[in-house]
Amino acid sequence: MTIRRRVTLKDIAQVAGVHHTTVSMALRNRPELPAATRERIRALAERMGYRVDPALLALRAYRRGSTETRSSMAIAFVTAFESPDFWRNIPVYARRYAGIERRAAQFGYRVEPFWFDRKNMSGKRASQILHARGVSGLIMAPLERLSSLGLEWNHFACVSLTLSIQEADMHVVGNNHMDTVRTAHARLRAAGYRRIGLVLERRSNERVLRVWSVGAAGEDVEVAPADRVPAYLPEALGRTGFDEWFRAHRPDAILTIPPHLEGILGWLRRAGVSVPGEVGVASLDCPEPDGEISGIYQNAELLGMTAVDVLAGLIHRNDLGLPEHPQLIQTRGTWVDGKTTRPANSNA
């Protein structure tokens, strides 16, 4: 039986007419090489039947995995809010970051929060700063609205916690929003609520590519026309407009998210409406799993940990830049029986 010799980097280099280090860089998709060179060498390697030696890959990972090496590798949690620490006061973002730190420590990476001050910093400048700090991977935090950042993505392994970055299709780790809407409607109906209305600012719905409103409309298909409540999606949510919508449609349950939650509860209270007696209020993204607010807890820590899992794999393979086939990794949330809705099977 003839044993076929494994194709090596030097074999590919000889055919390609380049040094074997150039082949190595091309197969690791290093941005220092022109894209055309990388593509040519990768295609040649495929035709020649090159396969990574798993034993060598494991040895390289072991060597890179030493405490000294890994502790010098950084991943950045990139935010672009109005101020550097704005996200720290939002429980769901703080919990995601805690999950990122927890998992990163297990991989031996350090995490650097990085504020992209878009008013005073270009995407190119932000990329230069990140590169100078030794950042090899980016985890992108949600943006306030759909927008572009202009970072030089090809220098980093990239994972996003948001669908709101317009110009960059990268791997996304997020909540299964459609399942969240479906579960919330089912639990509210089990508690006796029938007229369920969605209340969000338009940009909040746009940030998730309108999945909130599409999901709510899909749930209404099974509801008697008389019990259907049109979603309220104003440009800016305020008491006057909310009161008008509430009086016109008389929902007995309201679905919303944290940025609007406190305001809605306050407006109902000042209008003399009992929560949860007359109207139930549930969040599609509970800020805490403590049972104060009813709704779906998206498990922000798990989202952060999962993002690091994906990013670590990209870094390990030196898979930089935006993927040809970006993946959407979704996690399911859990219902929280809080104080802002009646319990299931209640006739109150």
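Two strands pair if DSSP finds at least two bridges between them. This convention is needed for the exercises below, which concern a predicted model.

**Exercise 1. Determine how strand E5 is joined to strand E10, and name a residue of E10 that stands opposite Val173.**

Solution. Begin with the strand itself: E5 covers residues 171–175. Next, count the bridges to E10: there are four, and the two strands run in the parallel sense. Since a pair calls for at least two bridges, E5 and E10 qualify as paired strands. Finally, look across from Val173: the residue opposite is Ile329, in E10.

**Exercise 2. Give the strand order of the six-stranded sheet and state which strands stand at its edges.**

Solution. The six strands follow the order E2-E1-E3-E4-E5-E10 in an open sheet, and their pairing is parallel. Strand E2 (110–115) and strand E10 (328–331) each have a single partner strand, so they stand at the edges and one side of each is left without a neighbour in the sheet. From one strand to the next, the twist averages 25°.

**Exercise 3. Describe the five-stranded sheet in the order and sense of its strands, and identify the bridge partner of Ser283.**

Solution. This open sheet has the order E6-E7-E8-E9-E11, with mixed pairing. Its edge strands are strand E6 (196–198) and strand E11 (334–336), each of which pairs on one side only. The twist here averages 20° from one strand to the next. Within the sheet, E8 and E9 run parallel and are joined by two bridges. The bridge partner of Ser283 is Gly295, in E9.

**Exercise 4. Locate the cis peptide bond between Val275 and Pro276 and give its omega.**

Solution. As background, most peptide bonds are trans. The bond that joins Val275 and Pro276 is cis, with omega about 15°. Pro276 belongs to the loop between helix H12 (258–270) and strand E8 (280–283).

**Exercise 5. For Asn299 and Asn318, state the phi value, the location and whether the residue is buried, partly exposed or exposed.**

Solution. The general expectation is that most residues other than glycine have a negative phi. Take Asn299: its phi is near 60°, a positive value. Asn299 lies in the loop between strand E9 (294–297) and helix H13 (300–316). The relative accessible area of Asn299 is 29%, so the residue is partly exposed, the range for that class lying between 20% and 50%.

Now take Asn318: its phi is near 55°, again positive in a residue other than glycine. Asn318 is found in the loop between H13 and E10. Its relative accessibility is 11%, and therefore Asn318 counts as buried, the cut-off being under 20%.

**Exercise 6. Summarise the protein chain in its secondary structure, its extent, its burial, its contacts, its surface and its charges.**

Solution. First, the secondary structure comprises 13 helices and eleven strands. Second, the C-alpha trace spans about 80 × 55 × 35 Å along its principal axes. Third, the chain has 348 residues, of which 48% count as buried. Fourth, consider contacts between residues at least 6 apart in sequence: 70% of them join residues at least 24 apart. Fifth, the chain exposes about 17600 Å², and carbon and sulfur atoms supply 51% of that area. Last, the chain carries 46 positive and 37 negative charges, whose mean positions are 6 Å apart.

Terms used: Residues are numbered from 1 along each chain as its sequence is written. This is a predicted model: local features need pLDDT of at least 70, side-chain atom pairs count only at pLDDT 80 or more; totals for chains, interfaces and linings use all residues. Side-chain values use heavy atoms; hydrogens and water are left out. Buried means under 20% relative accessible area, exposed over 50%, partly exposed in between (1.4 Å probe, protein chains only). Contact means heavy atoms within 4.5 Å. Accessible areas come from the Shrake-Rupley method with a 1.4 Å probe; for residues, only the protein chains shown count as cover. Lys and Arg count as positive and Asp and Glu as negative; His and the chain ends are not counted. The place of a charge is taken as NZ of Lys, CZ of Arg, CG of Asp or CD of Glu. Axes are lines fitted to C-alpha atoms, for helices over the stretch in contact, and angles run from 0 to 180 degrees between N-to-C directions.
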